[in-house]
Amino acid sequence: MKLPLYQVDAFTHRRFHGNPAAVCPLEQWLPDETLQAIARENNLSETAYYVRQRLGGSEQVELRWFTPAVEVDLCGHATLAAAYVMFALRKELDGDRVQFQTRSGALTVERDGNRYALNFPSRPPKACDVHPLLTEALGPPPEIIMASRDYLCVYPSEEAVLQLTPDMGKLAQIDRFAVIVTAPGSTPAEGKDGCDFVSRFFAPAQGVAEDPVTGSAHCTLIPYWSRRLSKKHLFARQCSARGGELWCEDLGERVRISGQAASYLEGTITI
């Protein structure tokens with residue numbers, strides 16, 4: 001069997017930056033074991049699969065995401081990549097909007113010029129009990145620790161976030177899906193491109209030591225920084241080695257996460 005494969009750099013306009021995701025359009029769903037094996041072979045933080053189905057008089061697009069180790073319930077950059085494949089590469093869509101059916105419910109993506117805007121559920125962080133290995137694994141202690149799906153660890157500066165070298169073995173043992181570390185962004189006056197906040201994302205238990213750019217993490221970051229900065233519209237950078245840019249909006253129970261994409265590879269999988 002031959003399957004099309006696309007690799008897209010998401011949340012960036014430049015190849016070799018942002019977060020690479022594999023996207024595999026399917027005619028019908030394959031066994032979960034096969035989907036997981038392909039994701040493991042791709043060895044990217046996420047592989048997205050979508051199936052277009054006609055139900056009655058309307059079309060439904062089902063979307064799923066796999067890391068090399070597990071299927072996940074929400075992934076931002078691979079959703080953006082899948083929309084980019086459908087809109088820009090395969091030209092499968094009329095108009096500027098697509099709705100995906102996912103494990104996290106209906107998710108829409110709108111094309112807005114050269115950006116793709118994701119409409120995702122908000123996941124505000126709350127006070128929480130802290131796993132004893134968390135601060136030990138991070139090294140320098142954060143000023144604030146909260147949690148939603150992931151731990152949210154807040155540091156005083158971008159430099160503090162950049163200098164973290166977590167113990168991934170210990171992080172893999174904590175009781176949350178992953179760990180977000182974040183800090184206020186630098187200003188242009190400080191000699192860097194300005195942004196409202198920065199972040200990094202660690203998920204070693206899910207097969208991803210550090211994710212380059214993480215849309216789903218911003219479901220937690222946006223409500224936190226929106227309240228703290230008293231701003232609904234925010235510009236964020238994920239300061240991994242590859243780096244990424246996200247235009248964010250707090251919509252209350254939902255968040256809007258926009259970014260660009262760049263095509264890197266088109267090919268064929270043989271299974």
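**Exercises on cavities, pockets and salt bridges**

The second largest cavity holds about 30 Å³ of space. The model is predicted, with pLDDT of at least 70 required for local features and 80 or more for side-chain atom pairs, while totals for chains, interfaces and linings use all residues. Residues are numbered from 1 along each chain as its sequence is written, and side-chain values use heavy atoms, without hydrogens or water.

**Exercise 1. State which residues line the second largest cavity, and classify them.**

Step 1. A cavity is a set of points on a 1 Å grid over the protein atoms alone where a 1.4 Å probe fits but cannot get out, and lining residues have an atom within 4 Å of a point. Volume is the space filled by probe spheres on points joined across faces, edges and corners.

Step 2. The lining consists of Leu171, Ala172, Ile174, Arg176, Phe177, Ala178, Val179, Phe202, Ala203, Pro204 and Ala205.

Step 3. By class, 10 residues of this lining are nonpolar, none is polar and one is charged. Here Ala, Val, Leu, Ile, Met, Phe, Trp, Tyr, Cys and Pro count as nonpolar, Asp, Glu, Lys and Arg as charged, and the others, including Gly, as polar.

**Exercise 2. Describe the largest cavity and its lining.**

Step 1. The structure contains two cavities of 30 Å³ or more, and the largest cavity has a volume of about 110 Å³.

Step 2. Its lining comprises 17 residues, with Glu46, Phe177, Phe201, Asp211 and Thr214 nearest the centre.

Step 3. At least two lining residues come from each of helix H2 (76–89), strand E12 (197–203) and strand E13 (208–211); helices (H or I, at least four residues) and strands (E, at least two) are DSSP runs numbered from the N terminus.

Step 4. Seven nonpolar, seven polar and three charged residues make up the lining of the largest cavity.

**Exercise 3. Describe the lining of the largest pocket.**

Step 1. A pocket is an open set of points with protein on both sides within 12 Å along at least five of seven lines; the largest pocket has a volume of about 320 Å³.

Step 2. Of its 18 lining residues, Arg14, Arg237, Gly243, Gly244 and Glu245 lie nearest the centre.

Step 3. Helix H4 (158–162), strand E14 (233–238) and strand E15 (244–250) each contribute at least two residues to this lining.

Step 4. The lining of the largest pocket divides into four nonpolar, seven polar and seven charged residues.

**Exercise 4. Explain why the salt bridge of Asp73 and Arg123 ties together separate parts of the sequence, and state whether each residue is buried or partly exposed.**

Step 1. In a salt bridge, a side-chain nitrogen of Lys or Arg lies within 4 Å of a carboxyl oxygen of Asp or Glu; Asp73 and Arg123 meet at 3.5 Å, N to O.

Step 2. Asp73 is in the loop between strand E5 (71–72) and H2, and Arg123 in the loop between strand E8 (115–121) and helix H3 (132–138), so the pair ties together parts that are 50 residues apart in sequence.

Step 3. Buried means under 20% relative accessible area, exposed over 50%, and partly exposed in between (1.4 Å probe, protein chains only). Asp73, at 27%, is therefore partly exposed, whereas Arg123, at 17%, is buried.

**Exercise 5. Apply the reasoning to Asp96 and Arg111.**

Step 1. The closest N and O atoms of their salt bridge are 3.0 Å apart.

Step 2. Asp96 lies in the loop between H2 and strand E6 (97–102) and Arg111 in strand E7 (residues 105–112), so this pair ties together parts 15 residues apart in sequence.

Step 3. Asp96 is partly exposed at 41% relative accessibility, and Arg111 is partly exposed at 28%.
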